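Let's go through this one by asking how each label is earned. Here is the structure we'll be talking about.

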Amino acid sequence: MSAKNPALDSLVLASPGEVIPHEIAIDRHVRRIVDAILEDGYVRHPILCVAVGAQYVVLRDTPLGCAERHRRSENSAPGFGA
Amino acid sequence: MAALNAIGVQRIPLQVLERDDVRFDTWANVVLHPRGCAAVLETPLGWRRGDDAAAAVRVLSSDGESWQSSEPPTTLGERYEMIMRALTGIEDADEVRRSAPLLAKPDGPDSFVLGFRAWSLDDVIELAREHKRLYSGLTRVIAIGRILNLRVPLSMLQNRDFDHAAWSAFLSAAKRRTRLYDEPTVLVE
């Protein structure tokens, strides 16, 4: 299901100190995402989180679309955490 | 988020979900390892036969035998330690594939399923606040009303001074291209 023109009230720009990840970052994924963001010049999708007090706990951390991640992961071997 | 920190952004674009709009679940890991499920069963978790959903960690071997970690953990921290200990056994696996727990099956003789007690949203929030981070591929999050294709310019995120007017103008323009996506869920009984 999809709809155009959603309300964007749930979007915020937070400082990095306000954001708490729940997963361990994988170096090769981080490098790939850095390259993609620098190449594109934008962050495609907002990171999903819930508010906990004055902070935000990250639930899903996918600034790229699935198709982009697969296209840009040709050099990453399948394996733990892939 | 680690990528954005590596780039050195001053702001991170977030979509803040209401808890009622989040469905939280668990992935099972289908593991291909040269030593099969022995790779995990050698970790000291008091393994015994069984498939109790309350056990922190469970293994389904390729020959259909079920194993579970001994005593159900009494605290979330204890459960976290047990899971992380089991996961160290598969760090050198040939392949790890995530699968819905009900559908997870071993792929062959060296394959097995590593399953975990289901997470709740509160579990994961508590772990995160205690800086106990999980490996990816364990938690499954289904969000109702995801905003996609926002395309926040990097220059806006790198700016030290937050420009409210620019952000508001960006959001107004973004309404024309963003997409609201309700993730489909499939329930298998």
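Q: What is the bridge partner of Cys49(A) in strand 6 of chain A?
A: That's Val58(A). Strands here are DSSP E runs of at least two residues, and helices are H or I runs of at least four, numbered from the N terminus. Keep in mind that this is a predicted model: local features need pLDDT of at least 70, side-chain atom pairs count only at pLDDT 80 or more, and totals for chains, interfaces and linings use all residues. Residues are numbered from 1 along each chain as its sequence is written, while chains are lettered from A and ligands numbered from 1 in the order in which they are written.

Q: What makes strand 5 and strand 6 of chain A a pair?
A: Two strands pair if DSSP finds at least two bridges between them. Five bridges join strand 5 to strand 6 (residues 55–60) of chain A, so they pair, running antiparallel. Val52(A), for instance, has Gln55(A) as its bridge partner. The two strands form a hairpin with two residues between them, and Gly53(A) in the turn has a positive phi of about 60°.

Q: How do you know that strand 5 of chain A also pairs with strand 1 of chain B?
A: Three bridges join strand 5 (residues 47–52) of chain A to strand 1 (residues 12–16) of chain B, so the cut-off is met; these two run parallel. Cys49(A) stands opposite Val16(B) there.

Q: Why is one side of strand 2 and of strand 3 of chain A left without a neighbour in the sheet?
A: The open sheet has five strands in the order 2(A)-1(B)-5(A)-6(A)-3(A), with mixed pairing. Strand 2 (11–14) and strand 3 (19–20) of chain A stand at the edges with a single partner strand each, so one side of each stays free of a neighbour.

Q: What packs on the sheet?
A: Helix 4 (residues 121–129) of chain B does, touching strand 3, strand 5 and strand 6 of chain A. Contact means C-beta atoms, placed from the backbone, within 7 Å. The helix direction makes about 85° with that of strand 5 of chain A; axes are lines fitted to C-alpha atoms (for helices, over the stretch in contact), and angles run from 0 to 180 degrees between N-to-C directions.

Q: Where in chain A is confidence lowest, and where highest?
A: On pLDDT, the predictor's confidence in each residue from 0 to 100, strand 1 (residues 2–4) of chain A is lowest at a mean of 43, and strand 3 is highest at 96. Where pLDDT is low, the predicted coordinates should not be read in detail.

Methods: Contact = placed C-beta atoms within 7 Å.
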